[in-house]
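New to this one? Here is a quick briefing to read alongside the sequence and the 3D view.

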Amino acid sequence: NVHPDPFGSQFKILKAAVKKVVDGSIAVEGDVSAQLRFGTMRLSRAQRNRIRNGYVWFDWFSVPQIASRETHGEDEHEFADDTCLCVKSIPSYVEKCQVFVALVPRLLHADRG
């Protein structure tokens with residue numbers, strides 16, 4: 001299977017996590033150094049509203065997926081080059097964002113179980 005989330009499992013977890021952050025029902029954990037300095041944080045209503053009204057950049061639907069692309073006579077090398085440029089631009093997105101979340105749920109691989 002070439003789709004990165006064929007059953008929508010990751011996307012369902014993302015939606016549930018964002019909903020819980022926005023409604024304040026879960027705390028937000030920073031990276032290890034932030035946790036040591038500040039502990040677990042509760043976001044203010046204003047911070048949660050910024051997230052509610054914000055944008056989501058999710059890697060597999062924001063970057064073209066070479067493996068799942070059907071060819072229609074386009075130059076595959078050009079497409080691969082464009083995809084490489086997209087991947088190289090990821091640090092720019094991270095640098096510009098006010099909130100960065102690494103969503104890494106424990107899920108079984110769709111093909112390998």
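What you're looking at has six helices and zero strands. Keep in mind that this is a predicted model. Walk along the sequence and you get the pattern α-α-α-α-α-α.

**The chain as a whole**

- There are 113 residues in the chain, and buried ones make up 11% of them.
- The accessible surface adds up to about 9,300 Å², with carbon and sulfur atoms accounting for 56% of that.
- Take the contacts between residues at least 6 apart in sequence: 53% of these link residues at least 24 apart.

**The largest pocket**

- If you're hunting for the largest pocket, expect a volume of about 1,700 Å³.
- Its lining is made up of 40 residues, and the ones nearest the centre are Cys 97, Val 99, Phe 100, Val 101 and Ala 102.
- Sorted by character, the lining residues come out as 28 nonpolar, six polar and six charged.
- Which helices supply at least two residues each to this lining? They are H1 (9-23), H2 (32-38), H3 (45-52), H4 (59-62) and H6 (90-96).
- H1 is the top contributor here, giving five residues to the lining of the pocket.
- Cys 97, one of the residues nearest the pocket centre, has a relative accessible area of 30%, so this cysteine counts as partly exposed.

**Val 63 and its surroundings**

- Look for Val 63 in the loop between H4 and helix H5 (76-88).
- Is Val 63 buried or exposed? Its relative accessibility is 9%, and because that falls under the 20% cut-off, Val 63 counts as buried.
- Leaving aside residues up to four places away in sequence, Val 63 touches Trp 57, Thr 83, Cys 86 and Val 87.
- Val 63 and Ile 90 sit 27 residues apart along the chain, with 9.2 Å between their C-alpha atoms.

**Ile 90**

- Ile 90 belongs to helix H6, one of the helices that help line the largest pocket.
- With 25% relative accessibility, Ile 90 counts as partly exposed, because the partly exposed range runs between 20% and 50%.
- Trp 57, one of the residues that Val 63 touches, makes another pair with Ile 90: their C-alpha atoms are 9.7 Å apart, although 33 residues separate them along the chain.

**Cysteines and disulfides**

- A disulfide is a covalent bond between the sulfur atoms of two cysteines.
- How many disulfides does the chain have? The count is zero, going by a cut-off in which the two sulfur atoms must be within 2.5 Å.
- Why does Cys 84 have no such bond? The closest cysteine sulfur, in Cys 86, is 9.3 Å from the sulfur of Cys 84, so the two are too far apart for a bond.
- Cys 84 has a relative accessible area of 36%, so Cys 84 is partly exposed.
- Cys 86 turns up in another place too, as one of the residues touched by Val 63.

Note on methods:
Residues numbered from 1 in each chain as written. Predicted model: local features only at pLDDT ≥ 70, side-chain atom pairs only at ≥ 80, totals over all residues. Heavy atoms only, no water. 1 Å grid on protein atoms, 1.4 Å probe; cavity = no way out; pocket = protein on both sides within 12 Å on 5 of 7 lines; lining within 4 Å. Points joined across faces, edges and corners; volume = space filled by probe spheres on them. Helix = DSSP H or I, 4+ residues; strand = E, 2+ residues; numbered from the N terminus. Nonpolar A, V, L, I, M, F, W, Y, C, P; charged D, E, K, R; others polar. Buried < 20%, exposed > 50% of the residue type's maximum accessible area, 1.4 Å probe, protein only. Contact = heavy atoms within 4.5 Å. Areas by Shrake-Rupley, 256 points an atom, 1.4 Å probe, with all protein chains shown as cover.
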